[in-house]
Amino acid sequence: MSAVLQEHALMEPNGLEWHWFLLGKGGLGIHSRLTLVGRSLDGPELPDELRACRPAGHPQTEMGGILVRGSGVWFDASGTRHNEYRLVELMVSPNETGPSAELSVYHDVWGLCEFRGEPHPANHAANAPRLASALEELVHVLVVEAEPGEPTYDGRAEGHGLKAPDIIDGRGPDLTDAALGVGRQLGSHRCRGVFAVSNPPVGWR
């Protein structure tokens, strides 16, 4: 999955994060982080390196969902390339029926309007098709159909993109109020839409 995202310049993985839990008891509030500098996601030694991070005081713990983070590229209306950390994120988690994966997208370039509600069709046209193409390829690789995850305040995933907002008087909804009071400014305010897949094929969550 990360290789597909790399091919579309949506994420260059540079680190992994995960939590530890005890069966029957839940999470311990302990998290681990491993840099991918000098490592490959498909390296045969990587699983053992992750397990070696197990807390010494809790030898029976299991690994929870693994978050893959990195930087991705988006293009503005003039075609200028921008590199941004956490443009998209990939989460892979264990469950009773098999592993599941979630792809979360951030930023307003995936939608028809910016966070203030102003339409930006050129930004959308330069970026949304790249996301759609990557999701279509993931569906092909995993042999599982896509279904959006849970909607968020900032956006609702639909198909291989974000659902178009309601346009009233030429503008979409102003989402900047969500950035107030939580230490986020407009420049770092992120739109989140989630696409999730499980294996065996039970559809996108």
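**Exercise 1. Find what share of the contacts in the protein, counted at a separation of 6 or more, joins residues 24 or more positions apart.**

Solution. Start with the term: a contact means heavy atoms within 4.5 Å. Now take the contacts with a separation of 6 or more; residues 24 or more positions apart account for 60% of them.

A word on the model before we go on. It is predicted, so local features need pLDDT of at least 70 and side-chain atom pairs count only at pLDDT 80 or more, while totals for chains, interfaces and linings use all residues. Residues are numbered from 1 along each chain as its sequence is written, and side-chain values use heavy atoms, with hydrogens and water left out.

**Exercise 2. Write down the order of helices and strands along the sequence.**

Solution. Helices (H or I, at least four residues) and strands (E, at least two) are DSSP runs, numbered from the N terminus. The protein has three helices and nine strands. Reading along the sequence gives α-β-β-α-β-β-β-β-α-β-β-β.

**Exercise 3. Describe how β3 and β4 pair.**

Solution. Two strands pair if DSSP finds at least two bridges between them. Strand β3 (residues 62-75) and strand β4 (residues 81-85) have five bridges, in the antiparallel sense. One step further, F75 has R81 in β4 as its bridge partner. Five residues lie between the strands of this hairpin, and G79 takes a positive phi near 90°.

**Exercise 4. Characterise the largest pocket by its volume and its lining.**

Solution. First, the terms. On a 1 Å grid over the protein atoms alone, a pocket is an open set of points with protein on both sides within 12 Å along at least five of seven lines, where a 1.4 Å probe fits; lining residues have an atom within 4 Å of a point. Grid points are joined across faces, edges and corners, and the volume is the space filled by probe spheres set on them.

Next, the values. The largest pocket holds about 750 Å³ of space. Its lining has 33 residues, and M1, S2, V68, L90 and V92 are the closest to its centre. Strand β3 gives the largest share, four residues. Elements supplying at least two residues each include α1 (2-7), β1 (12-22) and α2 (46-51).

Finally, sort by class: Ala, Val, Leu, Ile, Met, Phe, Trp, Tyr, Cys and Pro count as nonpolar, Asp, Glu, Lys and Arg as charged, and the others, Gly among them, as polar. That yields 21 nonpolar, nine polar and three charged residues.
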